[in-house]
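Here is a friendly walk through one protein model, written for someone seeing it for the first time. Have the sequence and the 3D view open while you read.

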Amino acid sequence: MIKVSRYTREKRECWDRFVLESKNATFLLLRDYLDYHSTRFIDHSLLVHDAKGTLLALLPANQNDGTLQSHGGLTYGGIISAASMTTPTMLAVFDAVVLYLRGQDIKRLAYKTIPSIYHRYPAEEDRYALFRLDAHLTRRDVLSVIAQESRLPYQKRRRRKIAQAGKLTLEIRTADDYGPFWAILEENLIAAHSARPVHTLDEIRMLAQRFPQNIRLHICLEDNNVVAGVVVFDTGRVAHMQYISTSERGRDIGALDLLFATLIERDYASRAWFDFGISNEDNGRYLNVGLIEQKEGFGARTVVHDFYELTI
């Protein structure tokens, strides 16, 4: 008998402890990160226990009418499991989750996998369970990643831009003040996509204060002016480029190329993966070729991130 229950604040400590000990979770799945979404999403996260009361799995999720999303405010966030999770147990976990959702009159599960680069141990039992339940693939994003132990050489154009920037008096460092970089980021997103960053300036400042070892801003300065910057979400295994932007002057002088090279070769050289993020729109069906060519110019290659829908 497997029991599925809804998360409550009284289970916070239990939740966080399991996340830290799991084989596939990151700091984004801790409650201090999840709960900053609390005013925008109706949390309906799940805990799954076996008959003896042992916690088997977590599912960070929110409810949206008759749909359970895993989790609408996160880039990724499927089933979180321990190293002891086996494929037969995962099949039983999904069966129990489906029964629970039927009892809650939830008609659909929108499921985001956790990309394999974040797994400390193999953890794709959930994909097999979804296949067995006839879930269908609704979205596939392309992550451009570098395997740090076997980096490919930079493209000639990238090397040329790095050399160009290296001849100038530029300073690359971490920064606590997100304001100047955020102004560049917002201006570029509005001009290119009529959009704004997922996080507001206040939100990213708050999250950086909560997770100072995981969220960092790296900037490139010319005459004390920010000309390029990258906000990195560092899980210890993966350095993920959460936000990337450069000023017009930065583009002209190759500031972002020099910044990327520094992060790849120095600041995050010890990470297993350097993740530039996606180059997709329209649920993965549109590929921004110019954007991915820049990332692949640094030697990045593709890992996919899959999204599923299961009718309950």
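Does Val 198 count as buried or exposed? Val 198 counts as exposed, because its relative accessibility is 59% and the cut-off for exposed is over 50%. Keep in mind that this is a predicted model.

## Getting your bearings

To find Val 198, look in the loop between helix H6 (179–193) and helix H7 (201–210). You can also use Leu 46 as a landmark: the C-alpha atoms of Val 198 and Leu 46 are separated by 25 Å. Along the chain, these two are 152 residues apart.

## The sheet of 11 strands

Now for the strands. One open sheet has 11 of them, in the order E2-E5-E6-E8-E17-E9-E14-E13-E12-E11-E10, and the pairing is mixed. At its edges stand strand E2 (42–43) and strand E10 (170–175). Each has a single partner strand, so one side of each is left without a neighbour in the sheet.

Let's walk in from the E2 edge. E2 and E5 pair in the antiparallel sense, over two bridges, and here Ile 42 stands opposite Gln 63 in E5. Next, strand E5 (residues 62–64) pairs with strand E6 (residues 67–70), again in the antiparallel sense, over three bridges. Gln 63 turns up here too, standing opposite Leu 68 in E6. The hairpin of E5 and E6 has two residues between the strands, and Asp 65 in this hairpin takes a positive phi near 55 degrees.

One step further, the direction changes: E6 and strand E8 (residues 108–112) run parallel, joined by four bridges. If you want a spot to zoom in on, take Gln 69, whose bridge partner in E8 is Ala 110. As a bit of background, strands of a sheet pair through backbone hydrogen bonds, either parallel or antiparallel.

## The sheet of four strands

There is also an open sheet of four strands, with the order E1-E3-E4-E7 and antiparallel pairing. Strand E1 (3–6) and strand E7 (80–81) are its edge strands, each pairing on one side only.

Between those edges, strand E3 (residues 46–49) and strand E4 (residues 55–59) pair over four bridges in the antiparallel sense. Leu 47 is a handy place to look, as it stands opposite Leu 58 in E4.

## Salt bridges

How many salt bridges does the structure hold? The count is 22. In one of them, Asp 35 pairs with Arg 12, and the closest N and O atoms are 3.1 Å apart. This pair links distant parts of the chain: Asp 35 lies in the loop between helix H2 (31–34) and E2, while Arg 12 is in helix H1 (residues 12–21), 23 residues apart. Asp 35 is buried, because its relative accessible area is 18% and the cut-off for buried is under 20%. Arg 12, with 23%, is partly exposed. Both belong to a network of salt bridges that links Arg 9, Arg 12, Arg 31, Asp 32, Asp 35 and Asp 43.

Another salt bridge brings together the side chains of Lys 23 and Glu 125, at 2.8 Å from N to O. This one also joins distant parts of the chain, with Lys 23 in the loop between H1 and H2 and Glu 125 in helix H4 (residues 125–132), 102 residues apart. Lys 23 and Glu 125 are both buried. Then there is Glu 171 with Arg 173, whose closest N and O atoms are 3.4 Å apart. Glu 171 is partly exposed at 37% relative accessible area, and Arg 173 counts as partly exposed at 36%.

## Out on the surface

A patch of positive charge sits on the surface, where Lys 156, Arg 157, Arg 159 and Arg 160 gather. Arg 159 is found in helix H5 (residues 156–166) and counts as partly exposed, with 45% relative accessibility.

Two loop residues are worth a look as well. Asp 134, in the loop between H4 and strand E9 (136–147), has a phi near 65 degrees, a positive value in a residue other than glycine. Asp 134 counts as exposed at 66% relative accessibility. Asn 224 has a positive phi of about 65 degrees, although it is not a glycine. Asn 224 is found in the loop between strand E11 (215–222) and strand E12 (225–234), and is exposed, with a relative accessible area of 67%.

Key: Residues numbered from 1 in each chain as written. Predicted model: local features only at pLDDT ≥ 70, side-chain atom pairs only at ≥ 80, totals over all residues. Heavy atoms only, no water. Pairing = 2+ DSSP bridges. Patch = residues over 30% accessible without salt bridge, like charges linked within 9 Å, V, L, I, M, F, W, Y side chains within 5 Å. Areas by Shrake-Rupley, 256 points an atom, 1.4 Å probe, with all protein chains shown as cover. Salt bridge = Lys/Arg side-chain N within 4 Å of Asp/Glu carboxyl O. Lys, Arg positive; Asp, Glu negative; His and termini not counted. Charge placed at Lys NZ, Arg CZ, Asp CG, Glu CD. Buried < 20%, exposed > 50% of the residue type's maximum accessible area, 1.4 Å probe, protein only.
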